[in-house]
Structures are given as C-alpha cells and as structure tokens.
Amino acid sequence: MIKAAILGHGTVGSGVYEVFEMNADKIACVAGEPVEIKYVLDLRDFSSLSYGHKFVSDFAVIENDPEVTVVAEVMGGVGAAYEFTRRCLLAGKSVCTSNKELVATRGDELLKIAEEKGVNYMFEASVGGGIPIIRPMLRCLAANEFNEICGILNGTTNYILTQMIHNGVTFADALRQAQLSGYAEKDPTADIEGHDACRKICILSNLAFGDKFDPDQVSCEGISGVTLEDVASAEKLGCVIKLIGRAVRNEDGTAYAYVAPHLIPKENLLASVEDVFNAIMINGNATGDVMFYGKGAGKLATASAVAADMLDCIEHAGHRLRISWGNGSKNLLRPIDTLQSAWYVRFRGDRKTIEAMLPVESLAEPTEGMLIARTSKLPTVDMEKKIARLGECGEVCAAMRIL
C-alpha cells in the first residue's frame, strides 16, 4: 500500500482527502495498489471526524516517516508552506500543491531541490484549479513554441463583472454578492486587485518561456475601478469587460506579461465566459489557438487536480518528470511601456480636444459632454503621456486596453 500525507485541512485539503476516499477503487487501479492518506497536518481539532485519528500537529512526524512518499501541500501562503515543502523534498518525498503564491515566488528553487533529490514538485491545481492546463502545456503542446497566453484566470472577478454586465449591479454590490456566495474571501484584495491572476500568468509564463517571471515585476491592475458607466460604454463598442492575464512572446525571445481589465469584442470566445468560469487561450506556433475552459476553483475540482498530480508522482516514482525554469537571470520580462494596444477612453470634455490628442478610430457621444473613444494601437508609454495631457483639458473618466 502506498502512503501519502496532506498538509492543511481547509477547503482544498479536506477535498483531497474526500477524493481519495470517494474514488479509492479507481485510484488503486491507476496507482497499481491502494493509496492511503496516512497523515493530515493541521493545528486545529478535527477529532470528531471519522478520520480524526490521522491528524498530527507536528510536521516532523510526516517528514521523518519513510513510508510517506508523496505529500499534498494545500496550506497556502509562503511561510510554513515553503518550509514544509522544502523539507519534504529534501527528505525524498514528492510534493503536489495548489499554492499559486508559493509556485510563482519560490517555484524555481523548489524545482531545483526536487531535481537534486530525484523527486517531483507538481502544481497543476495552482493555475486552473480543476482545468487541466500545465500538463497539456508540458506534454500535448510540448513541440510548440508558445507565442501568446491570454485568459480569464480568476473566477471571483469574472463573477463580479458578469453581475455588473447582465444585472446592472454596482461593483460594491457585486462584490458583496460574491462574498455571500462564497466566491470571494472576507478580504478580497488578492482577487479584485489582480494579484491572484498575476501569480497564475507568471507560472504560465515560466513554463512557456523557460525563465522566472517575478510577480512583483509584472504590471498588475485589478477591477476595483470598473464602473457601470464603463460596462455601458463597452456595450456601445460591441464589447464586454473582463480581467485578463496575458503573456506575449517577442521575436527576440523576451515577453510581455501583465494583468489588466480589457474590453473584449463579443465575437472573441473569451467574451462568452461568465460567472465563476475561467478560460485560458494558448497560441502555439504549430497548433494555433487552443482554449481550456472550466471552473477555475472549487473544493473538489481543485482537489481532483492535486490528487491527479499525486498519482502522477506515484506512477513516476524513481523517475523525475522534467519541469523546470530559470531563476530570472535571463531577464525575459519586457517592460510594458512598449506594448502596443488599442484603447478605450471615456472622457468628459471637448470633442476637438480628444480628436487632436488621441489617434481616434471611432468616437461616440452618448450624453452631452461625455465622449467614448476607441483608439488605434499605440505603445503604453505614449498612451499614458497622452492621457496625462488630456486630463489637463477635461476629465479622463476611464482608460482600458482593448484586446
């Protein structure tokens, strides 16, 4: 019998245990023998559970048990989760995680330790939750050079924007609904300010381009400034607003990576992705566009991805899967200043002023004094300068990229 352990018994951790119990026969068939969760690490009291006897509060129990060969880290954060992951790998145990923050910030180091110890560090659940994305990139699309990754990477923000678009709900009220429905945390900052999506696009960029993209260096803008006026203006332009994580490869091997709200033309497949669903489009130089769609979070969906990684580690015990990227020394991240985009601008002021200052492709005046402009493509730094000048001649109410 194969022995495993789970670090953390929150939403995902309890889900991992449930998946192993619920699908024990199928898992045994895949693994070649039964798999037992021998330990669950958590400081809280779960003695009332049917498996309460498996809980331990001392990590060293798991670390020093040679029977445990694979561990699920579902604690979150980069404190104890990093330390326990590092020690598991050093002890010769493979680790599987849904911890996007840890993978994005310390993944290069942990993958190096895994390589040195001949074990695996796997993180399918860290980007798409239950949506398969990392394994397809590493295997099915392995013969491709990746040109672009673009997607809706956060279900909470997509739910909020869907409520604003279809039900005319304000951002504040939509956020409250998301919290009441369990889609948003009590402190929703990581979601609504784009940090969650930023970590995910960094992980995807690391895999696609082979070097570390540091979340602290990647341009990140959330949706807290999006208003119902913007939603209505987007509709007039035949678009909807989505929070997009995007990475674009340049001919010299560098890449742009960023997170920001975009106007998405309704004919684009991403425009129809609603509520808590996520979608990731990958463009390979051989395949063209490939899209992955589904719920990007949720207890059992995420737990399913963690459990699948654990089975992969069991199947490849003694044979390390080749997953790695650099430490950032290649400096592949290109400043977003030179990224060219078309823009949406909502401006209160004189028509002649906006036409003189921006490369306007279309211009509407839905109410007196309020102008909605769509521009041709221009670099970010040029747009920022033009917006600053425009603000001196009127009120720039909003400016967003158009995908």
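Student: With which residue does the side chain of arginine 139 meet in a salt bridge?
Tutor: The structure is a predicted model, in which local features need pLDDT of at least 70 and side-chain atom pairs count only at pLDDT 80 or more, while totals for chains, interfaces and linings use all residues. Residues are numbered from 1 along each chain as its sequence is written, and side-chain values use heavy atoms, with hydrogens and water left out. A salt bridge requires a side-chain nitrogen of Lys or Arg within 4 Å of a carboxyl oxygen of Asp or Glu. At 3.0 Å from N to O, the partner that satisfies this for arginine 139 is aspartate 312.

Student: How many residues apart in sequence are the parts that the pair of arginine 139 and aspartate 312 ties together?
Tutor: Helices (H or I, at least four residues) and strands (E, at least two) are DSSP runs, numbered from the N terminus. Arginine 139 belongs to helix H7 (residues 134-140) and aspartate 312 to helix H13, so the parts they tie together are separated in sequence by 173 residues.

Student: Is aspartate 312 buried or exposed?
Tutor: Buried means under 20% relative accessible area, exposed over 50%, and partly exposed in between, with a 1.4 Å probe and protein chains only. Its partner, arginine 139, has 43% and is partly exposed. Aspartate 312 has a relative accessibility of 5%, so the class of this residue is buried.

Student: Which residues are linked with Arg139 and Asp312 in a network of salt bridges?
Tutor: A search of the whole structure gives 26 salt bridges. The network that holds Arg139 and Asp312 also includes Glu124, Arg135 and Asp309.

Student: What span should helix H13 have, at 1.5 Å a residue?
Tutor: The expected span is 1.5 Å times one less than the number of residues in the helix. H13 covers residues 299-315, which is 17 residues, and its end C-alpha atoms lie 24 Å apart. Among its buried residues are Ala303, Val306, Asp309, Met310 and Asp312. The separation of the ends agrees with the expected span, which is 24 Å.

Student: Which residues touch the most other members of the largest nonpolar core?
Tutor: A nonpolar core is a set of buried Ala, Val, Leu, Ile, Met, Phe, Trp, Tyr and Cys residues joined through side-chain atoms within 4.5 Å. In the largest one, of 113 residues, the members that touch the most others are Tyr121, Phe123 and Met310.

Student: Which helix gives the largest share of this core?
Tutor: The largest share amounts to 9 residues. Apart from this core lies another, of 13 residues, including Val345 and Leu390. The helix that gives the largest share is H11 (residues 195-209).

Student: In which strand does arginine 346 lie?
Tutor: The side chain of arginine 346 meets that of aspartate 230 in a salt bridge, at 3.1 Å from N to O. Aspartate 230 lies in helix H12 (residues 228-236), 116 residues away in sequence, and arginine 346 in strand E13 (residues 340-348). Both arginine 346 and aspartate 230 are buried. The strand that holds arginine 346 is E13.

Student: Which strands are at the edges of the open sheet?
Tutor: Two strands pair if DSSP finds at least two bridges between them. The sheet has 6 strands with parallel pairing, in the order E3-E2-E1-E4-E5-E6. Each edge strand pairs on one side only, and the two are strand E3 (55-56) and strand E6 (121-122).

Student: Which residue of E3 is the bridge partner of valine 40?
Tutor: Strand E2 (residues 35-41) pairs with E3 in the parallel sense over 2 bridges. The partner of valine 40 in E3 is phenylalanine 55.

Student: Near what value is the phi of aspartate 275?
Tutor: Most residues other than glycine have a negative phi. Aspartate 275 lies in the loop between strand E10 (255-265) and strand E11 (277-284). Its phi is positive although the residue is not glycine, with a value near 55°.

Student: With which residue does the side chain of glutamine 163 make a polar contact?
Tutor: A polar contact is a pair of N or O atoms within 3.5 Å; within protein, one must be able to donate a hydrogen and the other to accept it, and residues adjacent in sequence count only if both atoms are side-chain atoms. Glutamine 163 lies in helix H8 (residues 155-167) and is buried at 11% relative accessible area. Its contacts (heavy atoms within 4.5 Å) beyond four places in sequence include Val169 and Asp275. At 2.8 Å, the polar partner of its side chain is the side chain of asparagine 167.
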